[in-house]
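I opened this entry to look up how the metal site is built and how the strands and helices are arranged. My notes follow the order in which I checked things.

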Amino acid sequence: MSANKIDSEREYECHKCWVKLDKKEVETFGPNVIIDVCPKCNGIWLDKNELGKLLKDKKLDKYLTKHIGTKSRSPMVCPRCGMTMDIEKAEDIEVDVCLNCGGVWLDKGELEKLKEKSEEGFKGDELAKFEELEEERLYKSKNSALNKFFRKFTR
Ligand SMILES: [Zn+2]
Ligand SMILES: [Zn+2]
């Protein structure tokens, strides 16, 4: 057992079925992407950036995985890092995104739905993102205020 296992060799478990996810190689125009698929419910786990590679749509990928706020609205725990996840929406499609590592959980059929959205030219909803951007801004300013506060004492 080597200690520096690379990510693609890692094994994840489905949070619903508690079975190991199967590795599946998906052909893309670039290097193939290896995704993790649940053999029972057909849910898909995607590490950060893999969604963008599969969709070939940076905008939609960014929309779902960047600036996702700080609050967890998902009951799911990240199979990769064990941190809390948030629900992100592209219109009627809801996906779970890890607040820490940026991994994405897609239920069965959601990848296809996202592809359709992308082909239709999904633009994103800035208004829906506003609240999460605010959350991040507040969180960051609170942290920097705290840092200043601690610096005073550690000087
Ligand atoms: Zn499953
Ligand atoms: Zn994670």
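Before reading the sheet I fixed the criterion that two strands pair if DSSP finds at least two bridges between them. The model in hand is a predicted one.

Entry 1, the sheet. I find an open sheet of six strands, with antiparallel pairing and the order β1-β2-β3-β6-β5-β4. Because β1 (22-26) and β4 (85-90) each have a single partner strand, they stand at the edges, and one side of each is left without a neighbour in the sheet. On average, and with direction ignored, neighbouring strands of this sheet are turned by 35° against each other.

Entry 2, the edge at β4. I looked up the partner of β4 and noted that it pairs with strand β5 (residues 93-98) in the antiparallel sense over six bridges. Within this pair, I87 stands opposite D96 in β5.

Entry 3, the helices. I see helix α2 (residues 58-65) lying across β4, β5 and β6 (104-106), and its run makes about 140° with β4. Helix α3 (residues 110-119) also packs on the sheet, where I find it touching β3 (44-46), β4, β5 and β6, with its direction at about 110° to that of β5.

Entry 4, the metal. Which protein atoms serve as donors of the zinc ion (ligand 2)? I list C78 (SG), C81 (SG), C98 (SG) and C101 (SG), lying 2.3 Å from the ion, and along the chain these donors follow the spacing C-x2-C-x16-C-x2-C. I record the arrangement as tetrahedral because the four donor atoms subtend angles of 101 to 120°.

Entry 5, accessibility of two donors. C78 counts as buried because its relative accessibility is 3%, whereas C81, with a relative accessible area of 29%, is partly exposed.

How values were computed. Residues numbered from 1 in each chain as written. Chains lettered and ligands numbered in written order. Predicted model: local features only at pLDDT ≥ 70, side-chain atom pairs only at ≥ 80, totals over all residues. Heavy atoms only, no water. Donors = N, O, S within 2.8 Å, 3.2 Å for Na, K, Ca; no water. Tetrahedral: all angles 85-135°; square planar, octahedral: opposite > 155°, others 65-115°. Buried < 20%, exposed > 50% of the residue type's maximum accessible area, 1.4 Å probe, protein only. Helix = DSSP H or I, 4+ residues; strand = E, 2+ residues; numbered from the N terminus. Axes fitted to C-alpha atoms, helices over the stretch in contact; angles between N-to-C directions. Contact = heavy atoms within 4.5 Å.
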